[in-house]
Amino acid sequence: MQSATIVIPTLNEGQNIDPLLEKLTQVIVADCHIDILFVDDHSQDDTVSKINTWHQKHEYISVLQRTGIADLTQSILDGVNSIDTEFVLVMDADLSHPVEQIPNLLKPLINNTHDVVVGSRYIKNGGISNWPAHRRLLSWIGGLPARVLTDVKDTTSGFFACRKKCFASIDDNAKGYKVLLELLASGLDKYRVTESPIVFTDRVLGESKLSSKQLFQYFQRLLELSGGRVTGSTTGKFMTVGILGVIVDALFFRTFMSNGWTVSNAHITSFFIAATFNYLLNSIWSFKFSHNSLSSWVHRAVKYIFFGMLALTIRGGVLAVLINLFHIDPNIAIFPAIIAAAVINFLGASFIVFPTNSSLDKAHSSINWRVLAIACTGFVIVLRFLYLGTTELIPDEAYYWNYKEHLSIGYLDHPPMIAWVIWLGTSMFGDNEFGVRILPYITGLVTLYFIFRLTSLLFDKTSAYISLLITSTLPFTAATGFLATTDALQVMLWAISLFLVANIVINKSSLSWLGLGACIGFGMLSKYSIALIAISMIIFIIVNSELRLWWKKPIVYIAGIISFIIFSPTIYWNAQNEWSSFLFQTTRRLDRESVFSTHYLILHLLILLSPFMLMFVVSAYKNLSALISNKLDNKDLQRLYRQYFLIFTLAPLIVYIYFSLNHYPRFHWTAPIWLLSIPLLAFALSPTSGFIHKKLFTSLTLYSAAGLCLIYGGLLHYAALGLPIKIDTNITAHYFWKQTAQDLHAIEQAVEQQTGQKPLIVGLSKWSIASALRFYDADKQVDNIVSRNAIGRTATMYEQWVNPKQWTGKPVIYVAFESSDLTTSRIDQHSIQLQAPQSKNILINNNKLRTLEYRIAKLYKPQ
């Protein structure tokens with residue numbers, strides 16, 4: 001017969017001993033002998049005497065009286081160390097834990113299905129009795145941070161059972177009132193853990209021992225378990241240094257601003273002066289870190305500078321929001337910006353520069369990975385949000401905003417969903433950058449959530465957290481989580497579809513078919529290429545004999561009907577418009593001149609994934625069978641996983657490879673295909689994968705993610721506030737339309753004063769120039785802004801939106817990216833009294849942003 005000991009810590013619980021033992025002595029667990037051990041922490045009432053009285057009647061009831069410093073975790077550890085039973089069950093003495101659930105907690109241990117069983121308030125059939133809503137919420141929020149370090153929902157439960165050997169891995173420094181957290185964190189990815197529902201009842205007799213000091217210890221211990229050097233002493237010293245740094249920072253910033261510096265130059269320079277000051281003080285005082293050599297000092301200094309640069313981009317975002325959106329004086333706005341940067345610096349210093357353990361230099365444990373993933377993902381999410389409304393739209397976004405201005409159920413070159421999304425965002429937040437981007441930004445968060453869910457379903461929680469790090473930093477997901485383009489919607493719906501497919505094949509979920517049908521329907525309203533998901537699913541069902549059974553179930557056909565109904569508005573629009581959108585995306589592309597372009601497809605992958613991550617993807621798929629066999633023992637399930645990964649990656653990819661053999665592919669077309677590789681990459685990096693190249697790709701992934709975060713932050717900072725260095729490339733020639741539109745408006749007004757007529761403005765690109773000028777037009781009277789259809793060239797939707805003939809005989813201003821575009825014969829044919837091409841440097845704070853190329857004609861004449 002197996003045996004278990006119920007360990008109950010006590011401190012002045014005399015009123016609860018008798019009613020508790022009356023219940024415990026009635027507990028019977030099949031095939032398991034039960035002992036009851038109380039561990040008393042210096043009770044001043046009759047707790048011990050009452051337990052001894054019960055001991056005289058029942059020898060299996062005993063008490064251990066501690067002599068050390070009172071601490072709940074240490075009490076339980078002392079109790080465990082004094083027993084020799086195979087299982088341990090921990091519970092409180094205040095009658096808050098349901099005694100009748102003890103058999104349910106011990107049964108999985110007895111049956112050897114699990115190593116730890118947690119009595120949970122936060123799963124189905126669990127709950128809390130007689131607590132007001134605000135206390136329930138506070139309890140849930142308090143336990144939320146600990147979920148990162150564990151795989152259970154009720155991380156602060158005091159009612160759990162486990163094998164005695166599980167306690168051996170707990171750190172000697174463990175303290176506080178939540179020993180379960182210590183156990184789960186130390187055994188992450190080692191123990192089989194499950195939760196069993198309980199209803200928690202607040203104590204009736206006696207007083208709670210929970211104090212503010214214990215709460216502080218709890219959160220401090222959370223940070224310590226996460227690898228951070230966080231104590232009351234270091235935090236206080238860091239804050240002292242920080243306050244001194246704020247003074248230094250603000251003084252230099254004010255000095256530079258008073259001498260005519262730009263906001264960007266002033267805050268960057270003052271930041272690095274203050275950061276150097278802070279590092280020196282923190283290194284020798286706040287964290288008292290002993291450097292073994294000059295190289296050690298330099299190594300940590302480089303890390304500190306790196307986190308300083310990340311903090312600088314967040315600080316720039318705060319400044320941009322306060323100055324550009326809320327029009328706050330820079331000398332005032334600098335203070336909240338400094339505070340935001342200080343938070344980043346403190347976390348970087350605590351966890352990376354001066355950690356309790358060197359999480360970047362040693363083998364990565366599950367906790368280290370989780371903390372890094374949360375930190376990196378959180379940084380990217382905050383960074384994107386800060387710059388949503390402070391960076392200009394790229395021409396693609398402005399084009400889709402023009403969709404919204406001509407709201408419809410169909411368009412020539414794209415389905416209508418992006419127009420509806422932008423319409424909704426701008427209806428709530430106005431016709432500005434934030435209104436255009438806010439909902440696509442949310443789609444990026446949804447993508448993160450479903451990639452996390454997908455990876456957790458396929459592999460494990462640690463891999464799921466690593467997938468967040470990868471998803472948030474890959475170039476294509478970083479872009480689609482920020483920019484208002486059709487790709488943002490497609491990537492989100494593709495990620496949801498992949499999760500639903502996995503849920504169908506792994507959990508045999510019928511309802512997921514309905515969700516998949518809806519996703520494909522909405523996906524077709526976003527971008528037609530999501531039809532490749534449906535094609536891949538059909539291939540999957542054909543290839544796998546077990547999945548063919550779905551053909552016999554009505555739910556599959558209902559899903560198809562749902563998809564058709566959702567997509568039907570665009571089908572109707574195409575039927576009314578000679579199927580123009582369908583033809584545009586199919587035969588029109590295939591009718592172009594045949595040119596071998598597969599090498600461009602490979603080049604695009606290097607951009608979408610980054611070179612390092614492309615190498616990683618190739619290596620992971622090369623070792624696909626080995627990775628899956630390390631995760632699963634079931635051969636049929638291994639085959640199912642292989643088919644899932646290969647079909648949903650290769651089937652869409654083969655379509656694009658075939659297309660590229662004779663046609664030029666757009667660089668972003670293959671982006672959503674690589675979403676499925678993310679769970680595989682994440683598992684390959686996890687501690688349990690056995691991936692043969694783990695060490696190499698761990699380093700590449702971390703340094704790539706760090707570098708990409710810095711690049712994203714730098715680009716956004718440059719777009720919003722500028723940088724001290726000059727950047728003048730072909731990319732900038734296609735950006736900075738806000739100031740360009742203002743300068744062009746001045747030219748427009750000059751022409752109108754000279755001629756007495758409002759001039760026509762013709763953007764000499766397919767849609768980019770006209771779209772950007774319409775969004776940023778100074779007087780918002782955009783009827784006179786048209787695209788190159790005015791000179792007889794294709795201009796997508798502008799061919800339907802505008803009629804240049806109504807401007808016959810009016811003055812015209814041609815605007816181009818390149819001066820050569822202004823000297824074509826088409827312009828001569830459509831103009832009377834055409835002037836020479838002109839250039840104008842677009843400046844902000846005397847810094848050149850780009851060059852405006854334009855040409856004026858006295859009269860416009862359509863052909």
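**Notebook: cores, strands, a loop serine and cavities**

I looked up phenylalanine 645 to begin with, and, leaving aside its neighbours within four places in sequence, I found it in contact with Leu458, Phe459, Tyr621, Leu624, Ile628, Leu676 and Leu680. I note at the outset that this is a predicted model.

**Entry 1: the nonpolar cores**

I then asked which residues have the most contacts inside the largest nonpolar core. They are Ile470, Trp513, Phe540, Tyr644, Phe645, Phe648 and Tyr814, in a core of 203 residues. I recorded helix α18, residues 486-507, as the element that gives the most to this core, with 14 residues. Apart from this core lies another, of 30 residues. I listed Ile6, Leu24, Phe38 and Ile110 among the residues of that other core.

**Entry 2: strand β12**

Tyr814 led me to strand β12, which covers residues 812-816. I checked how many of the residues of β12 are buried. The count is 5 of 5, and I entered the strand as mostly covered. I recalled that in a regular strand the side chains alternate between the two faces of the sheet. In β12 I therefore looked at each side in turn, taking buried to mean under 20% relative accessible area. Val812, Tyr814 and Ala816 are buried on one side, and Ile813 and Val815 are buried on the other. Both faces of β12 are thus covered.

Next I looked up the partners of β12. Strand β10, residues 760-763, pairs with β12 in the parallel sense over 4 bridges. Within this pairing I noted valine 762, whose bridge partner in β12 is tyrosine 814. Strand β15, residues 847-860, runs antiparallel to β12, and 5 bridges join the two. Here I found alanine 816 opposite glutamate 853 in β15.

**Entry 3: strand β7**

I turned to strand β7, residues 160-163, and asked whether its faces are covered or open. Both faces are covered: Phe160 and Cys162 are buried on one side, and Ala161 and Arg163 are buried on the other.

I found two antiparallel partners for β7 to write down. Strand β4, residues 87-90, is joined to β7 by 4 bridges and runs antiparallel to it. The bridge partner of phenylalanine 87 in β7 is arginine 163. Strand β5, residues 116-120, is joined to β7 by 3 bridges, again in the antiparallel sense. I noted that valine 118 stands opposite phenylalanine 160 in β7.

**Entry 4: serine 689**

I located serine 689 in the loop between α28 (677-685) and α29 (694-720). Is serine 689 buried or exposed? Serine 689 counts as buried because its relative accessibility is 0%, and the cut-off for buried is under 20%. I traced its side chain to the backbone oxygen of phenylalanine 683, at 3.3 Å. Not counting residues up to four places away in sequence, serine 689 touches Leu627, Asn630, Phe683, Ala684 and Lys694.

**Entry 5: cavities**

I last asked how many cavities of 30 Å³ or more the structure holds. There are 5. The largest cavity has a volume of about 170 Å³. I found 16 residues lining it, of which Asp249, Asn278, Ile338, Ala342 and Asn345 lie nearest its centre. The elements that give two or more residues to this lining are α8 (232-258), α9 (263-286), α10 (294-325) and α11 (330-353). I recorded that α8 gives the most to the lining of the largest cavity, with 6 residues.

Conventions:
Residues numbered from 1 in each chain as written. Predicted model: local features only at pLDDT ≥ 70, side-chain atom pairs only at ≥ 80, totals over all residues. Heavy atoms only, no water. Buried < 20%, exposed > 50% of the residue type's maximum accessible area, 1.4 Å probe, protein only. Pairing = 2+ DSSP bridges. Polar contact = N/O pair within 3.5 Å; in protein donor to acceptor, adjacent residues only side chain to side chain. Contact = heavy atoms within 4.5 Å. Core = buried A, V, L, I, M, F, W, Y, C linked by side-chain atoms within 4.5 Å. 1 Å grid on protein atoms, 1.4 Å probe; cavity = no way out; pocket = protein on both sides within 12 Å on 5 of 7 lines; lining within 4 Å. Points joined across faces, edges and corners; volume = space filled by probe spheres on them.
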